[in-house]
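Trainee: Hey, have you got a few minutes to go through this one with me? I'd like to get better at reading a structure.
Mentor: Sure, pull it up and ask away.

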Amino acid sequence: MFPQLILKPKKDRAFVHRHPWIFSGAVAQTPKAENGEIVEVHSNEGKVLGYGFFNPFSQIVCRVFEFDPTDKVIDAAYWQEKIRKALAIRMELIDFSRTDSYRLLHAEGDFFPGIIADAYGKSLVVQLLIKGTERLLPELKSAFMNLGFEHIYLKTKQSSQIIEKINEEVTWLTEPIDLPVVIHENDVKLKVDFEKGQKTGFFLDQRENRDLARTLSKGKKVMNTFCYTGGFSVYALKGGAELVHSVDSSKDAIAMCEDNVALNGFSDRHQSYVADCFDFLKQAEPHFYDLIILDPPAFAKSARKIENATRGYKELNMLGIKRIKPGGMILTFSCSQNIDKLLFQKIVFGAAADVGRNVRILQQLGQPLDHPVNIFHPEGEYLKGLLIYVE
Ligand code: SAH
């Protein structure tokens, strides 16, 4: 039996809409439960509506992971089944003859709030984002291993205090292996370091957009800004780019980028720069590049930052639109959850208008199939991009 969280009368409406967050204002009776404990959610009339992770310290007091509670037992088999279903979708969608890395669990997108799991071959990197998920680690570990994963690395910010209860040093849940590993993505080889890298080590969400960059690069001069470990750069080289310039402010990222370019046998047409991308764009020779990739980190990490972020994206896109060769293309992205598709397009529109060049949208871009958006939780749609043509 789980502690019971009882909603106020008529506050089960959000439940009908299956939004996974219950706000404190909707709660009539708070459960006697610890932070992170699983609670049973009841309507005011006493009907069991679902199950979620409880957090008494947050505005979002409960994150629901189960909306169809009838006959459900929340045990090890339940979690294994959730993960098996997530894997089954990926098995259908990903061409495993060319790609061995994908997102296995995309939090709310897989009805599993608080967990991200990225598969890199037989290794799985797990990020715990909310309290309570750490209690499930033993069950999750055996579920992952039953499904064929051999190495499991736990990447959780120490500062989040989610793993205070387990050993602070916990990183590997299995025997450690040497890092970086080499993954395969659309027949490109890439080194990924779970430990030192950002997020889970690599940005799997750009896989399809990188492949698009490959098809656009033949004979082109390409600038890849915010290149990180050079994903877009290697694809552009593979697509036959005449030259690729990779830019990132992180020395470690650039070192890994050079490694990745060499690993795929392309060093002679590639040059990398440790630099600020805004400065690099300002100093770049006008009308030199045929294709510019703008893939910055999230400028708006919270709703309060939207205004500043908007200015940042606008400046970046203005620089790109100014510099690009007439008839050139720009792949421009935002991974800020707080900047939606429409706002992003307005920002790029503003940049084009201020620069005063004709710009056409050739394609609207987003996140790939293994980063599903729960239709009841549209906040999960975070990556948006445009392929634009500049006259
Ligand atoms: N495009 C990459 C992911 C980008 S992640 C890929 O496909 O894998 C964002 C990167 O931007 C990080 O590597 C970070 O070091 C870099 N960065 C952040 N601010 C920067 C700045 N002002 N100038 C240059 N690089 C920056």
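Trainee: Which residue in β12 is the bridge partner of E185?
Mentor: That's V188. Keep in mind that we're looking at a predicted model.

Trainee: OK. How do β11 and β12 run, and how many bridges join them?
Mentor: They run antiparallel, and five bridges join β11 (residues 181–185) to β12. Together the two strands form a hairpin with two residues between them. In that turn, N186 has a positive phi of about 50°.

Trainee: Which side chains of β12 are buried?
Mentor: V188, L190 and V192, which point to one face of the strand. K189 and K191 point to the other face and are not buried. That gives you an alternating pattern along residues 188–192.

Trainee: And β14, how many of its residues are buried?
Mentor: Six of its six, so to speak: the strand is mostly covered. L243, H245 and V247 point one way, V244, S246 and D248 point the other way, and all are buried.

Trainee: Which strand is joined to β14 by five bridges?
Mentor: β13, residues 221–225, and the two run parallel. One pair to look up is N224, whose bridge partner in β14 is S246.

Trainee: What sits in the loop between α5 and β14?
Mentor: G240 lies there. Its phi is positive, near 95°.

Trainee: Is G240 buried or exposed?
Mentor: Neither, G240 is partly exposed, with a relative accessible area of 28%. The buried label needs a value under 20%, and exposed needs one over 50%.

Trainee: What is G240 in contact with, leaving aside its neighbours within four places in sequence?
Mentor: S217, K218, G219, K220 and R269.

Trainee: How far is G240 from Q59?
Mentor: They're 51 Å apart in space, C-alpha to C-alpha, and 181 residues apart in sequence.

Trainee: Back to α5. Why is it described as largely enclosed by the rest of the structure?
Mentor: Because seven of its eight residues are buried. Those are G231, F232, S233, V234, Y235, A236 and L237.

Trainee: At what angle do α4 and α5 pack?
Mentor: About 35°, with their axes 7 Å apart. The crossing of α4 and α5 is right-handed. By class, their contact has three nonpolar, two polar and five charged residues.

Trainee: Which residues meet there?
Mentor: From α4 you have R207, N209, R210, D211, A213 and R214. They meet G231, F232, Y235 and K238 in α5.

Trainee: Switching topic: what's the strand order in the open sheet of six strands?
Mentor: It goes β2-β6-β5-β4-β1-β3, with mixed pairing. On average, neighbouring strands there are turned by 40° against each other, direction ignored.

Trainee: Which strands stand at the edges?
Mentor: β2 (21–23) and β3 (27–29). Each has a single partner strand, so one side of each is left without a neighbour in the sheet.

Trainee: Mixed pairing, hmm. In what sense do β1 and β4 pair?
Mentor: Parallel, over three bridges. Q4 in that pairing has E40 as its bridge partner in β4. On the other hand, β1 and β3 pair in the antiparallel sense over two bridges, and L7 stands opposite V27 in β3.

Trainee: What about β4 and β5?
Mentor: Antiparallel, over five bridges. There you'll find V39 opposite G52 in β5.

Trainee: Which helix lies across β4, β5 and β6?
Mentor: α2, residues 76–93, which runs at about 75° to β6.

Trainee: Last one, α9. How many residues does it have, and how far does it reach?
Mentor: It has 15 residues and reaches 21 Å from its first C-alpha to its last, close to the 21 Å expected. G356 follows α9, and its phi is positive, near 80°.

Trainee: Which residues of α9 are buried, and what do they pack against?
Mentor: The buried ones are F344, I347, V348, G350, A351, A352 and V355. They pack against α8 (306–323), β17 (328–334), β18 (359–365) and β19 (384–390).

Definitions and conventions:
Residues are numbered from 1 along each chain as its sequence is written. This is a predicted model: local features need pLDDT of at least 70, side-chain atom pairs count only at pLDDT 80 or more; totals for chains, interfaces and linings use all residues. Side-chain values use heavy atoms; hydrogens and water are left out. Helices (H or I, at least four residues) and strands (E, at least two) are DSSP runs, numbered from the N terminus. The expected span of a helix is 1.5 Å times one less than its number of residues. Buried means under 20% relative accessible area, exposed over 50%, partly exposed in between (1.4 Å probe, protein chains only). Contact means heavy atoms within 4.5 Å. Axes are lines fitted to C-alpha atoms, for helices over the stretch in contact, and angles run from 0 to 180 degrees between N-to-C directions. A crossing is left-handed if the near helix is turned anticlockwise from the far one by less than a right angle, and right-handed if clockwise. Ala, Val, Leu, Ile, Met, Phe, Trp, Tyr, Cys and Pro count as nonpolar, Asp, Glu, Lys and Arg as charged, and the others, Gly among them, as polar. Two strands pair if DSSP finds at least two bridges between them.
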